Amino acid sequence: MVNLKLISKVIGSLLLLEAGFMLLSLGVALIYGTSDLIPFIISMAITLAAGVGLLRMGYDAPTMMTRRDSYAVVTLTWLSFSIFGALPYMFSGIILNPTDAFFETMSGFTTTGASVLDDVEQQLNSHHAMLFWRSLSQWIGGLGIVFFTIAVLPSMGSGSMRVFSAEATGPIRSKMHPRLSTNAKWIWSVYLALTVGCILCYFVAGMDWFSAINYGMTTTATGGFSIHNDSLAHFHSPAIEYIGLAFQFVAGINFTMLYLLIIKRQFKTFLKNSELRFYITLVVACTAVIALLLITENGYALEHAFRSACFQVVSFMTTTGIFCDHVGTWPHITWMILAVLMFIGACAGSTSGGFKSIRAYMIFKVMRNEFVRLLHPRAVLPVKVDGHAMPSSVVQNLLAFFSIYIIVCMATTGLMMAIDIDVTNSAVISLSCVNNVGLPLNELGPDMTWADMHWATKWLCSGLMLMGRLEILNVLILLTPSYWKDN
């Protein structure tokens, strides 16, 4: 059975960490002298109390973590972070409705970027600490809450690898060092370096420090939260848009590959990676097609067409979901291209959501093999990635994941239609949430916003965001009878 004491101990430790993150936002409130100070003090006190209470409940828990425990730890950690992370919104009076506050926080930690705040500049005017908290929540969730903890507090003992497997994205796990905590530290070092680099570039390009820090965190986390209503388009600066484009693209690459490139200087390994080449090919091809359509259909100049097309292709594929142009005015075929990219997603092991490029690459390989097998029934056709044949268990998991992915999207679309949302909006909302994109719903044409949605839809979307971030199966397994059987 599930070891509740051990789970309480781990979640308690993580809540203390979340209280520490709130302390950073409290510091921002002190620097700017805003009214956010008291809400963050209260929220931090409640989070600390809950963390200490859970630690006391599990003080004598054994350190051995089973596979069942790891799935519960990861899912409950993300739920706990979102529940307590919603407190500052409620105590500040910015979002009084618990449903909306939870939705906003879950969207932050899962780097989805969907927001019930339709007018950020008006609703969060002078709330610097709250703006920082929104951005920080996305940065924390970029590589994973528990993965961050393994890096800074490697206290999960023998359960670290199981927890990492339950939270990590993609069908293939790659290791750089025998110790997982060392892996985590190096990957987070690369993530931190990218974030600092992005912040400095934004500042040099003309942003003030506060804007640069917020946009730097959400860009490298491929999250999409913004401190302005029109995101990067607010600055009317091609330089800033190119910086955002570049760092979104890099953040969509597997961070293990980035480590091998930046730290180990293994250029050949980096360039020969099948998923990376598939990712680059899609970006280049779709950018060329959309840019050509913008030139011929919308009369864009060459540079403007390239910048807008490439920015939106990368934004959708990395599931960042920010805009530098009004995509609603583009030819309809571009919407279909962007929707497909949103579904595929960038590389596994990155900060992006979606189905993941490596899975799409493997699906194409499986389809090709089946066509060949029709002509040569006795042929042995393994699915190869980077020259290595994938075990049948990996291929079986891939096909199961793809099937469940489609079923979840179709089922949630149907549920939203039952709540009286039209079919177009239902499909867009489902895909947006399960792929952690968080599109501004009024940007592509549907006449509604996230704030307009029924409360039941918001809870459904919150669940979709969580499932999308934790790869669906790792959440749904908690709902199966076999998970709770003592065998």
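User: Let's start with R373: does it count as buried or partly exposed?
Analyst: In this predicted model, the relative accessibility of R373 is 26%. Buried would need a value under 20%, and exposed one over 50%. R373 falls between those cut-offs, so it counts as partly exposed.

User: Which residue forms a salt bridge with R373?
Analyst: The partner sits in helix α18 together with R373, three residues apart, which is about one turn of the helix. An α-helix has 3.6 residues a turn, so side chains three or four places apart point the same way. With 41% relative accessibility, the partner also counts as partly exposed. The closest N and O atoms are 2.5 Å apart, and the residue that pairs with R373 is E370.

User: How far apart are the N and O atoms in the salt bridge of E471 and R359?
Analyst: The two side chains meet in a salt bridge, N to O, at a distance within the 4 Å cut-off. This pair links distant parts of the chain, 112 residues apart: E471 lies in the loop between α21 and α22 (473-476), and R359 in helix α18 (residues 357-375). E471 is buried at 4% relative accessible area, and R359 counts as buried at 3%. The distance you asked for is 2.8 Å.

User: R359 lies over the face of which ring?
Analyst: The distance from R359 to the ring centre is 3.9 Å, inside the 6 Å limit for a charge over a ring. The ring also belongs to one aromatic cluster, whose members include F343, F355 and Y405. The residue under R359 is F401.

User: Nice. And what is the distance between R134 and the ring centre of F225?
Analyst: R134 lies over the face of F225. The limit here is 6 Å from the ring centre. For R134 and F225 the distance is 4.0 Å.

User: How many residues apart are K458 and D100?
Analyst: Side chains of opposite charge can pair when their charged atoms come close. K458 and D100 form a salt bridge with closest N and O atoms 2.6 Å apart. K458 is in helix α21 and D100 in helix α5, so the pair links distant parts of the chain. Both residues are buried, and their separation is 358 residues.

User: Which residues are linked in a network of salt bridges?
Analyst: The count of salt bridges comes to six. Beyond the pairs above, there is a network of such contacts. Its members are E241, E303 and R307.

User: Turning to rings, are the planes of F103 and W450 stacked, tilted or edge-to-face?
Analyst: The structure holds 25 aromatic pairs. In this one, the ring centres are 5.8 Å apart and the planes stand at 40°. That angle is not under 30 degrees, as stacked would need, nor over 60, as edge-to-face would need, so the pair is tilted.

User: How many residues apart in sequence are the parts that F103 and W450 tie together?
Analyst: F103 lies in helix α5 (residues 98-109), while W450 is in the loop between α20 (423-434) and α21 (455-469). F103 counts as buried at 0% relative accessibility, and W450 is buried too, at 3%. The parts they tie together are 347 residues apart in sequence.

User: What is the geometry of the aromatic pair of F316 and F323?
Analyst: Their centres are 5.9 Å apart and the planes make an angle of 85°. F316 is buried at 2% relative accessible area, and F323 at 7%. Because the angle is over 60 degrees, the pair is edge-to-face.

User: Which helix gives the largest share of the nonpolar patch?
Analyst: The patch covers about 570 Å² of surface and is made by L192, V196, L200, F203, V204 and W209. V196 is partly exposed at 40% relative accessible area, which passes the patch cut-off of over 30%. Five of the residues come from one helix (residues 180-204), namely α10.

User: How far apart are the end C-alpha atoms of helix α1?
Analyst: Helix α1 has 29 residues (4-32), and at 1.5 Å a residue it should span 42 Å. The helix is followed by G33, whose phi is positive, near 60°. The end C-alpha atoms agree with the expected span, at 42 Å.

User: Last one: how many residues of helix α7 are buried?
Analyst: Helix α7 (residues 128-143) is mostly covered. After it comes G144, with a positive phi near 120°. The buried count for α7 is 15 of its 16 residues.

How values were computed: Residues are numbered from 1 along each chain as its sequence is written. This is a predicted model: local features need pLDDT of at least 70, side-chain atom pairs count only at pLDDT 80 or more; totals for chains, interfaces and linings use all residues. Side-chain values use heavy atoms; hydrogens and water are left out. Helices (H or I, at least four residues) and strands (E, at least two) are DSSP runs, numbered from the N terminus. The expected span of a helix is 1.5 Å times one less than its number of residues. Rings of Phe, Tyr and Trp (its six-membered ring) pair if their centres lie within 6.5 Å; planes under 30 degrees apart count as stacked, over 60 as edge-to-face and the rest as tilted. Buried means under 20% relative accessible area, exposed over 50%, partly exposed in between (1.4 Å probe, protein chains only). A charge sits over a ring if NZ of Lys or CZ of Arg is within 6 Å of the ring centre and within 35 degrees of the ring normal. Patches are made of residues with over 30% relative accessible area and no salt bridge: like charges are joined within 9 Å, nonpolar side chains (Val, Leu, Ile, Met, Phe, Trp, Tyr) within 5 Å. Accessible areas come from the Shrake-Rupley method with a 1.4 Å probe; for residues, only the protein chains shown count as cover.
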